[in-house]
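These notes are meant for a colleague who is opening this structure for the first time. They are set out as numbered points, to be followed with the model in view.

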Amino acid sequence: MTRSATVTRTTRETSISVTLDLDGQGVGDIQTPIPFLSHMVDQLARHGGIDLTVRATGDVEIDGHHTTEDLAIVIGRAVEQALGDRRGIRRYGEATLPMDEALCQVALDLSGRTYYVDRLSLPKARVGTFDTELAGVFFEGFARGAMCNLHVRRIEGDNLHHVIECSFKALARALRDAVR
């Protein structure tokens, strides 16, 4: 039985297509108009052991919010669909990861109940063209789409690239554990 799904979402602002295989090899083929977001989603695939193909376009001439949020919702929905009735999975996952000076923790429960707790406490800034506040937007959208309880916490770290990347990698590892 394969645990895979393809989900698309088209709105006035975005067009998103995601194909996901929870039992993949960690291969990402990610195309978004936001390079740092593409890099983060690739980390989700690689460190989560998930094969993930993403095609996303959006109104980034306004800002990256719609693209980031809609992509997260679609990835979450693909996870939710790929899990089916969720029988036999571990359900809970947790990971605490370092990346240079950064240390982040992610805990999740694939319960079917949506709740997101953001303890990243990121200042408003940019990493490339990516607004740092969009990290929380992504995680909240993912929690809604995957119908999971998700806590993301920055324990240490000042380099915003490192903190955000560390948090995405921690989500990947927590998800990898929870879907086993």
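1. A convenient place to begin is glycine 49, which comes just after helix H1 and takes a positive phi of about 65°. Please keep in mind throughout that this is a predicted model, and that every value below is computed from it.

2. The helix that precedes this glycine, H1, covers residues 35-48, and its 14 residues reach 20 Å from the first C-alpha to the last, close to the 20 Å expected at 1.5 Å a residue. Is H1 largely enclosed by the rest of the structure, or largely open? Because 11 of its 14 residues are buried, H1 is largely enclosed by the rest of the structure. The buried residues include nonpolar ones such as Phe36, Leu37, Met40, Val41 and Leu44, but Asp42, Gln43 and His47 are also among them.

3. The sheet deserves a look next, as an open arrangement of 4 strands in the order S1-S2-S4-S3, with mixed pairing. Its edge strands are S1 and S3 (28-31), each of which pairs on one side only. Neighbouring strands here are turned by 0° against each other on average, when direction is ignored.

4. Within that sheet, strand S1 (residues 4-10) and S2 pair in the antiparallel sense over 7 bridges, and the two form a hairpin with 3 residues between them. Threonine 6 stands opposite threonine 19 of S2 in this pairing. On the other hand, S2 also pairs with strand S4 (residues 51-58), again in the antiparallel sense, and here over 8 bridges. Two positions help to locate the register between S2 and S4: isoleucine 16 stands opposite alanine 56, and valine 18 stands opposite valine 54.

5. Which side chains of strand S2 (residues 14-21) are buried, and which are not? In a regular strand the side chains alternate between the two faces of the sheet. S2 follows an alternation of this kind, with Thr14, Ile16, Val18 and Leu20 pointing to one face and buried, while Ser15, Ser17, Thr19 and Asp21 point to the other face and are not buried.

6. Two helices can then be placed against the sheet. H2 lies across S1, S2 and S4 and runs at about 30° to S2, whereas H1 packs on the sheet by touching S3 and S4, its direction making about 160° with that of S3.

7. The interior can be followed through the largest nonpolar core, which has 62 residues, and in which Val18, Phe138, Phe139, Phe142 and Leu150 touch the most other members. Helix H4 (residues 160-178) gives the most to this core, with 11 residues. Phenylalanine 138 is worth selecting in the viewer: leaving aside residues up to four places away in sequence, its contacts are Leu37, Val41, Leu44, Thr68, Ala72, Ile75 and Phe168. Of these partners, Leu37, Val41 and Leu44 are buried residues of H1.

8. Turning to charged side chains, a search of the whole structure finds 13 salt bridges. One of them joins aspartate 109 and arginine 91, at 2.6 Å from N to O. Aspartate 109 lies in strand S6 (residues 102-109), while arginine 91 belongs to the loop between helix H2 (65-83) and strand S5 (92-99), so the pair ties together parts that are 18 residues apart in sequence. Aspartate 109 counts as buried at 9% relative accessibility, but arginine 91 is partly exposed, with a relative accessible area of 29%.

9. Two further salt bridges may be set beside that one. Glutamate 80 and arginine 86 meet at 4.0 Å, N to O; arginine 86 counts as buried at 14% relative accessibility, while glutamate 80 is partly exposed at 24%. Glutamate 133 bridges to lysine 124, their closest N and O atoms being 3.5 Å apart. In that pair lysine 124 is exposed, with a relative accessible area of 74%, and glutamate 133 is partly exposed, with 42%.

10. Finally, which residues should be examined together as a network of salt bridges? Arg90, Asp177 and Arg180 are linked in this way, and they are best viewed as a group.

Definitions and conventions
Residues numbered from 1 in each chain as written. Predicted model: local features only at pLDDT ≥ 70, side-chain atom pairs only at ≥ 80, totals over all residues. Heavy atoms only, no water. Core = buried A, V, L, I, M, F, W, Y, C linked by side-chain atoms within 4.5 Å. Buried < 20%, exposed > 50% of the residue type's maximum accessible area, 1.4 Å probe, protein only. Contact = heavy atoms within 4.5 Å. Pairing = 2+ DSSP bridges. Expected span 1.5 Å × (residues − 1). Axes fitted to C-alpha atoms, helices over the stretch in contact; angles between N-to-C directions.
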